[in-house]
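This report describes how the helices of one protein chain are arranged and which residues bring separate parts of the chain together. The structure is shown first, and the description follows.

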Amino acid sequence: MSQLRVAIHGAAGRMGQRLVACVHSDAELQLAAALGSAWYARLKHRCSYLAVFAVAYTLMGVGYGVIALLPGYAAILVGAGIAGIGVGLFFPNGAMWVLSVAPAAMRGRCSGGLSAALNVGQFLSPIALYPVVMRYGTANAFALAALCLLLMAAGMLLALRWRTSRQAN
């Protein structure tokens, strides 16, 4: 996730340290995402799409919260690992959900649209966060991202509860 590159700027001192920390945190996040993706089928077997989104957003929010609240390089690695597992759950869940609700004739277009949206989001997120980081600092930018992700998780849980209660009636 490119947001980690913004965090490294504030957490590491010299340029060489920034580069090493950026490479390590990105690599760890990607490795953790692969682990989360490998766990997806087991979790999805037990949970609905909304519940998996709630778990993914919670993990990403907690990971970003760790980066926001705890100082240093080790916190970035721990936070990246936690957030990465959430990312690994989010991607396959989003793809499977879109494909499950799309009509057969529209699945290719919907899948392409999802892929484009995710890539545009990854491109724009550091641009959107840069002014926040410059004005409020790296830790506060990650705290804001953590708060937004945790609110999204709560929204998913509320939607799940509403849907369950509606089906019961």
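Helix α3 passes helix α6 in a left-handed crossing. By class, the residues of this contact comprise 23 nonpolar, three polar and one charged. The axes of α3 and α6 (residues 138-168) come within 8 Å and cross at roughly 160°. Angles over 145 degrees count as roughly antiparallel, and α3 and α6 are therefore roughly antiparallel to each other. The model is a predicted one, and the values in this report are to be read accordingly.

**Overall make-up**

The protein has six helices and zero strands. Read from the N terminus, the order of elements is α-α-α-α-α-α. The protein has 169 residues, of which 34% count as buried.

**Helix α3 and its partners**

Helix α3 covers residues 49-69. With 21 residues, α3 reaches 30 Å from its first C-alpha to its last, close to the 30 Å expected at 1.5 Å a residue. Of these 21 residues, 15 are buried, so α3 is largely enclosed by the rest of the structure.

Besides α6, helix α3 packs against helix α4 (residues 73-101), at an angle of about 160° and with the axes 7 Å apart. That angle makes α3 roughly antiparallel to α4. The crossing of α3 past α4 is left-handed. The contact of α3 with α4 is made up of 24 nonpolar and six polar residues, with no charged residue.

**Helix α4 and helix α5**

What is the handedness of the crossing in which α4 passes α5? It is right-handed. Helix α5 spans residues 107-136, and it packs with α4 at an angle of about 150°, the axes lying 9 Å apart. The two helices, α4 and α5, are therefore roughly antiparallel to each other.

**Residue pairs across the chain**

Several pairs of residues that are separated in sequence can be compared by their C-alpha distances. The table lists four of them.

| Residue pair | Separation along the chain | C-alpha to C-alpha distance |
|---|---|---|
| Ala 75 and Gly 65 | 10 residues | 9.8 Å |
| Lys 44 and Leu 89 | 45 residues | 9.3 Å |
| Ala 33 and Ala 83 | 50 residues | 8.1 Å |
| Leu 150 and Met 60 | 90 residues | 8.2 Å |

Two residues in the table belong to helix α2. Helix α2 runs over residues 15-46 and contains Lys 44. Ala 33 also has its place in α2. Is Ala 33 buried or exposed? Its relative accessibility is 9%, and Ala 33 counts as buried. Lys 44, by contrast, is partly exposed, with a relative accessible area of 23%. The partner of Lys 44 in the table is Leu 89, at 9.3 Å, and that of Ala 33 is Ala 83, at 8.1 Å.

Ala 75 is part of helix α4. Ala 75 has a relative accessible area of 7% and is buried. Leu 150 lies in helix α6. With a relative accessible area of 36%, Leu 150 is partly exposed. Although 90 residues separate Leu 150 from Met 60 in sequence, their C-alpha atoms are 8.2 Å apart in space.

**Cysteines and disulfides**

How many disulfides does a search of the whole structure find? The search finds zero. Among the cysteines, Cys 47 has a relative accessible area of 23% and is partly exposed. Cys 148 is likewise partly exposed, at 39% relative accessibility.

**Summary of the packing**

In this predicted model, α3 is roughly antiparallel to α4 and also to α6, while α4 and α5 are likewise roughly antiparallel. The crossings of α3 with α4 and with α6 are left-handed, whereas the crossing of α4 with α5 is right-handed.

Conventions:
Residues are numbered from 1 along each chain as its sequence is written. This is a predicted model: local features need pLDDT of at least 70, side-chain atom pairs count only at pLDDT 80 or more; totals for chains, interfaces and linings use all residues. Side-chain values use heavy atoms; hydrogens and water are left out. Axes are lines fitted to C-alpha atoms, for helices over the stretch in contact, and angles run from 0 to 180 degrees between N-to-C directions. Helices (H or I, at least four residues) and strands (E, at least two) are DSSP runs, numbered from the N terminus. Angles under 35 degrees count as roughly parallel, over 145 as roughly antiparallel, 65 to 115 as roughly perpendicular and the rest as oblique. A crossing is left-handed if the near helix is turned anticlockwise from the far one by less than a right angle, and right-handed if clockwise. Ala, Val, Leu, Ile, Met, Phe, Trp, Tyr, Cys and Pro count as nonpolar, Asp, Glu, Lys and Arg as charged, and the others, Gly among them, as polar. A disulfide is a pair of cysteine sulfur atoms within 2.5 Å. Buried means under 20% relative accessible area, exposed over 50%, partly exposed in between (1.4 Å probe, protein chains only). The expected span of a helix is 1.5 Å times one less than its number of residues.
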